[in-house]
Amino acid sequence: MANALYGKIQTFYDEASGLWEQIWGEHMHHGYYGPDGRHRKNRRQAQIDLIDECLAWAGVTEATEILDCGCGIGGSALELASRFGARVTGITLSPVQAERATERARAANLAGDIPPWARFQVADALNTPFADQSFDLVWSMESGEHMPDKVAFLQECYRVLKPGGRLLMATWCHRPTDSLAGPLTWLEQQQLEWIYRVYGLPYVIALPDYEAIAHNCGFTNLRAADWSLAVAPFWDEVIASAFSPEALVGLVKAGPGTLQGALALAPMRQGLQSGLIRYGLLTAVR
Ligand SMILES: C[S@@+](CC[C@H](N)C(=O)[O-])C[C@H]1O[C@@H](n2cnc3c(N)ncnc32)[C@H](O)[C@@H]1O
């Protein structure tokens, strides 16, 4: 299963990353619009604010060895390297992303041998090439939803963290099913299936499920938060910018996967608005 899925994820990001960078910039994640989602701001600023807010929420004020699991074109990694003076290793399934992130690190003077630096490679977050206890921060910004085995993913994060090191992840989830709303309905499952197909996701889980998995892996000091309200305006912004002539031409040129991704923007927004799709944060200490 992982091979077909990984091929799909690689193709999706190989094809879409150039256009995303051209239209939306280096961060391939949601933006933060205040706790209630009512602060209006520039989209790129909102994306940088999300990084700030995640770090503040988790109480991360320093880190020297960071693993960025699912690094995209290095948006977070370069930010974290310069902010903390850190050595950041970014991994992605997309060779195009790894190459572009490396170019961006060079342009930002973050490619030398003396920290801060950021290096990028193609590697599977479920089975990384790093030694046990290599990092003091594992950062995963919107990559957990792609992982075909959430348990193996969190186990690998635990393995590569030093004792006392911290996991900080933000990920797409579905609503908890232990409330009065009960299990996912057939319609909700169909809506999710469609989003999975378009974005190369095997499945998503509820935030309490991530907490349980992290707990079973041995993580301590677990905290989780639902930031769906805070990030919801992001999709309006993306939809609005997708209608510029530049974006429309780029979408057609980039290939069918990217075009399908654009067609799924409205269902994603609807999913967040209806409460089916949730934006989950999880932090924990090894
Ligand atoms: C939505 S992008 C997020 C990129 C980046 N974190 C950001 O915020 O700009 C998801 C990323 O997860 C990566 N990814 C998905 N599955 C992965 C896996 N099994 N191992 C490593 N990276 C993976 C993709 O290649 C892509 O870079």
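The following dialogue examines how terms are applied to this predicted model.

Student: Why is helix α1 called roughly antiparallel to helix α10?

Tutor: Helix α1 (residues 2-24) and helix α10 (residues 245-254) pack at an angle of about 170 degrees, and their axes are 9 Å apart. Angles over 145 degrees count as roughly antiparallel, and therefore α1 is given that description relative to α10.

Student: Which residues make the contact of α1 with α10?

Tutor: From α1 come Glu 15, Ala 16, Leu 19, Gln 22 and Ile 23, while α10 contributes Glu 246, Ala 247, Gly 250, Leu 251 and Ala 254. By class, six of these are nonpolar, two polar and two charged.

Student: What makes α3 a largely enclosed helix?

Tutor: A residue is buried if 20 or more other C-beta atoms lie within 10 Å of its own. Eight of the ten residues of α3 are buried, so the helix is largely enclosed by the rest of the structure. Among the buried residues are Gly 75, Leu 78, Leu 80 and Phe 84. The elements covering them include α2 (43-58), β1, β2, α4, β3 and β4 (135-141).

Student: How do you know that Glu 62 is exposed?

Tutor: A residue with 12 or fewer other C-beta atoms within 10 Å is exposed. Glu 62 has 10, and is therefore exposed. This residue lies in the loop between α2 and β1. From Glu 62 to Leu 80 the separation is 18 residues in sequence and 9.6 Å in space, C-alpha to C-alpha.

Student: Why is Glu 142 called partly exposed?

Tutor: Glu 142 has 19 other C-beta atoms within 10 Å. A buried residue needs 20 or more and an exposed one 12 or fewer, so a count in between is called partly exposed. Glu 142 is located in the loop between β4 and α5 (150-160).

Student: What is notable about the phi of Glu 142?

Tutor: Phi is near 60 degrees there, a positive value in a residue other than glycine. Most residues other than glycine have a negative phi. Asn 221, in strand β6, also has a positive phi, about 50 degrees, although it is not a glycine. With 11 other C-beta atoms within 10 Å, Asn 221 is exposed.

Student: What makes β3 and β6 the edge strands of the sheet?

Tutor: Seven strands form an open sheet in the order β3-β2-β1-β4-β5-β7-β6, with mixed pairing. Strands β3 (117-122) and β6 (220-226) each pair on one side only. The twist from one strand to the next averages 15 degrees.

Student: How do you know that β2 and β3 pair?

Tutor: Two strands pair if there are at least two bridges between them. β2 and β3 are joined by six bridges in the parallel sense, and therefore the requirement of at least two is met. Strand β1 (residues 65-69) is likewise parallel to β2, with five bridges. In that pairing, Ile 66 has Val 88 of β2 as its bridge partner. Strand β2 is also mostly covered, with five of its six residues buried.

Student: Which residues are closest to the ligand?

Tutor: The ligand is surrounded by 23 residues, and the closest are His 29, Gly 70, Gly 72, Ala 125 and Ser 143. Elements giving two or more residues to this shell are α1, α3 (75-84) and β2 (87-92). By class, the shell has ten nonpolar, eleven polar and two charged residues.

Definitions and conventions
Residues are numbered from 1 along each chain as its sequence is written. This is a predicted model: local features need pLDDT of at least 70, side-chain atom pairs count only at pLDDT 80 or more; totals for chains, interfaces and linings use all residues. Axes are lines fitted to C-alpha atoms, for helices over the stretch in contact, and angles run from 0 to 180 degrees between N-to-C directions. Helices (H or I, at least four residues) and strands (E, at least two) are DSSP runs, numbered from the N terminus. Angles under 35 degrees count as roughly parallel, over 145 as roughly antiparallel, 65 to 115 as roughly perpendicular and the rest as oblique. Two residues are in contact if their C-beta atoms, placed from the backbone, lie within 7 Å. Ala, Val, Leu, Ile, Met, Phe, Trp, Tyr, Cys and Pro count as nonpolar, Asp, Glu, Lys and Arg as charged, and the others, Gly among them, as polar. A residue is near a molecule or strand if its C-beta atom, placed from the backbone, lies within 6 Å of it.
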